[in-house]
2 protein chains.
Amino acid sequence: MRNICMKVSYDGTKFNGFQAQPKDRTVQGEIERVLKILTKEDIVIHASGRTDAGVHARGQVFHFLTSSQIPVERFAIAMNTRLPEDVMILEAREMPLDFHARHSAKRKTYRYSIDNGKFPDLFGRHYRLHVPVPLNREAMRKALACLVGTHDFTSFTSTRSTKPHHVRTIYEAKLIEEGQFLHIELTGNGFTYNMVRIITGTLLKIGHGKIKPEQMRIILEGCDRSLAGPTAQAIGLILIDVSYS
Amino acid sequence: MRNICMKVSYDGTKFNGFQAQPKDRTVQGEIERVLKILTKEDIVIHASGRTDAGVHARGQVFHFLTSSQIPVERFAIAMNTRLPEDVMILEAREMPLDFHARHSAKRKTYRYSIDNGKFPDLFGRHYRLHVPVPLNREAMRKALACLVGTHDFTSFTSTRSTKPHHVRTIYEAKLIEEGQFLHIELTGNGFTYNMVRIITGTLLKIGHGKIKPEQMRIILEGCDRSLAGPTAQAIGLILIDVSYS
């Protein structure tokens, strides 16, 4: 038995999320369909985590067990010729049998992109949230800073979360300015359900001057979802990278 | 009567070119359909030039005559709420009656974008030509330089051209490197039919080492389409800007 680990990029626009579902088009469904053609096995893949409908990925990671002897350097190309144009395998490597894409993950980076131009850039319309009113970038940056460290992120977690607790460590929280685009980039040891989107929804209220940046810490410490802003749309969210030790 | 000039951006992927055609989906067709709704007039728009099927634009310009009294600052927004998501008006202004988007144009800039990564960036897959084999950028740059100036561009013009001559002036010809992306950017007083795509097709042969960069001048001076490389696919081509005096 071999344990194959792959890095995959996908455009979430036309997917009903990552996780396989009987009737919907999902990233996992497409990958498993192609793996079955190549290996003649009923393979189940395990990702570093799910992404919701409409969320994109540049560097999602998954693994699977197979007895197929396809050389690892051929796997990515063989899959890409059979995958639809909105999913692409970027890398394949063989890992020890105890490697697990979710359990072994050490850090993840998510980026939420906003187009803050009066008119959005048409060519990124599926990958950035358009906010035509100028945002207060300094206020947003100030608010972001208090998220770094180990905290209970219940205020920034969907009430549908089924996790036993919401304590996570954020290593980096940056607001990157690129002309009319703004990127909220968070790196942490893990993220709770809808965490980046709720943080973004709250930062948008701060950027609009509807919440003061000093409130961010009070919202965080309140451990109450109703204190935070709304969940920002999936469209601007992308899983940038997952790293392992 | 008023003469309204607009700047428009479009994603050419799902259009059969700019120019209106009875049965096909075209940019002009969409714009004229929306103008009819807003003005109740059968308006015909005049662009700075056509773009072929699959070619994109960031700053195409067109004008039209109307007796509608819609304030110019409202026009863009009123149109954008009715236009499909792959066409967007960026600017509208009233011009003297003798302004003509094509005849008055002084300079145009086109850009052809290549993704030279082993794996392409999935999110730009409709806007860049993927060339997985590393291109010789120095050779391409050397070849580009000889295009600057006033020349007969017959070698880089489709044989389907109906123009009386193919003399054009190129003010700038640049190869811009942006990580794994390469952009061939040309600014000139005008471009013949398929000119940027044939120049790109020739530069790709040079980048692949199949034609020597010194050949570029000989191809240009030969004034014979059969000397140049093939016409590169529409996908990577974008009309960046049209400028007026």
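## A bridge between chains

Which residue forms a salt bridge with Arg125(A)? It's Glu85(B), and the closest N and O atoms of the pair are 3.5 Å apart. Keep in mind as you look around that this is a predicted model. Arg125(A) sits in the loop between strand S5 (105–115) and strand S6 (129–130) of chain A, while Glu85(B) sits in the loop between helix H2 (72–80) and strand S4 (87–95) of chain B, so this pair joins two chains.

How covered up are the two partners? Arg125(A) has a relative accessible area of 17%, so it falls under the 20% cut-off and counts as buried. Glu85(B), with 49%, is partly exposed.

## Two copies, one axis

Now take the chains as a pair. Turn chain B by 180°, with a shift of 0.0 Å along the axis, and you can lay it on chain A with an RMSD of 0.0 Å. The two copies are therefore related as by a two-fold rotation axis. Both copies use the same surface: 100% of the contact residues of chain B recur in chain A.

Want a landmark for the axis? Look for Gly124(B), the residue of chain B that comes closest to it, with its C-alpha at 4.3 Å.

## More salt bridges

Over all chains, the salt bridges add up to 30. One of them is inside chain B, where the side chains of Glu30(B) and Arg33(B) meet at 2.8 Å, N to O. Both residues lie in helix H1 (residues 27–39) of chain B, and they are three residues apart, about one turn of the helix. Glu30(B) is buried, at 14% relative accessible area, whereas Arg33(B) is partly exposed, at 40%. Over in chain A, salt bridges that share partners tie Arg25(A), Glu30(A), Arg33(A) and Asp86(A) into one network.

Chain B also has a salt bridge between Arg128(B) and Asp121(B), whose closest N and O atoms are 3.3 Å apart. Asp121(B) is buried, with a relative accessible area of 13%.

## What UniProt marks

Where does UniProt place the feature "active site"? Its unreviewed entry puts it at Asp52(A). You'll find Asp52(A) in the loop between strand S2 (46–47) and strand S3 (56–66) of chain A. With 26% relative accessibility, Asp52(A) counts as partly exposed. Leaving out residues up to four places away in sequence, Asp52(A) touches Gly17(A), Tyr193(A), Asn194(A) and Arg197(A).

UniProt also lists "domain: Pseudouridine synthase I TruA alpha/beta" (unreviewed entry) for residues 8–102 and 145–245 of chain A. Residues 8–102 are 23% helix and 26% strand, and their end C-alpha atoms lie 14 Å apart. For residues 145–245, it's 22% helix and 32% strand, with the end C-alpha atoms 26 Å apart.

## Outside and inside

On the surface, Met1(A), Leu65(A) and Leu97(A) make a nonpolar patch of about 350 Å². Met1(A) belongs to the segment before strand S1 (2–10) of chain A. Its relative accessible area is 67%, so Met1(A) is over the 50% cut-off and counts as exposed.

For a contrast, try Leu182(A) in strand S9 (residues 181–188) of chain A. Leu182(A) is buried, at 0% relative accessibility. Setting aside neighbours within four places in sequence, Leu182(A) is in contact with residues including Tyr112(A), Ile114(A), Leu135(A), Met140(A) and Leu175(A). And how far is Leu182(A) from Leu65(A)? The two are 117 residues apart in sequence and 40 Å apart in space, C-alpha to C-alpha.

Terms used. Residues are numbered from 1 along each chain as its sequence is written. Chains are lettered from A and ligands numbered from 1 in the order in which they are written. This is a predicted model: local features need pLDDT of at least 70, side-chain atom pairs count only at pLDDT 80 or more; totals for chains, interfaces and linings use all residues. Side-chain values use heavy atoms; hydrogens and water are left out. UniProt positions are given in the numbering used here, feature names are shortened, and annotations may be inferred rather than shown by experiment. Helices (H or I, at least four residues) and strands (E, at least two) are DSSP runs, numbered from the N terminus. Buried means under 20% relative accessible area, exposed over 50%, partly exposed in between (1.4 Å probe, protein chains only). Contact means heavy atoms within 4.5 Å. Patches are made of residues with over 30% relative accessible area and no salt bridge: like charges are joined within 9 Å, nonpolar side chains (Val, Leu, Ile, Met, Phe, Trp, Tyr) within 5 Å. Accessible areas come from the Shrake-Rupley method with a 1.4 Å probe; for residues, only the protein chains shown count as cover. A salt bridge is a side-chain nitrogen of Lys or Arg within 4 Å of a carboxyl oxygen of Asp or Glu. Copies are superposed by least squares on the C-alpha atoms of residues with pLDDT of at least 70 in both.
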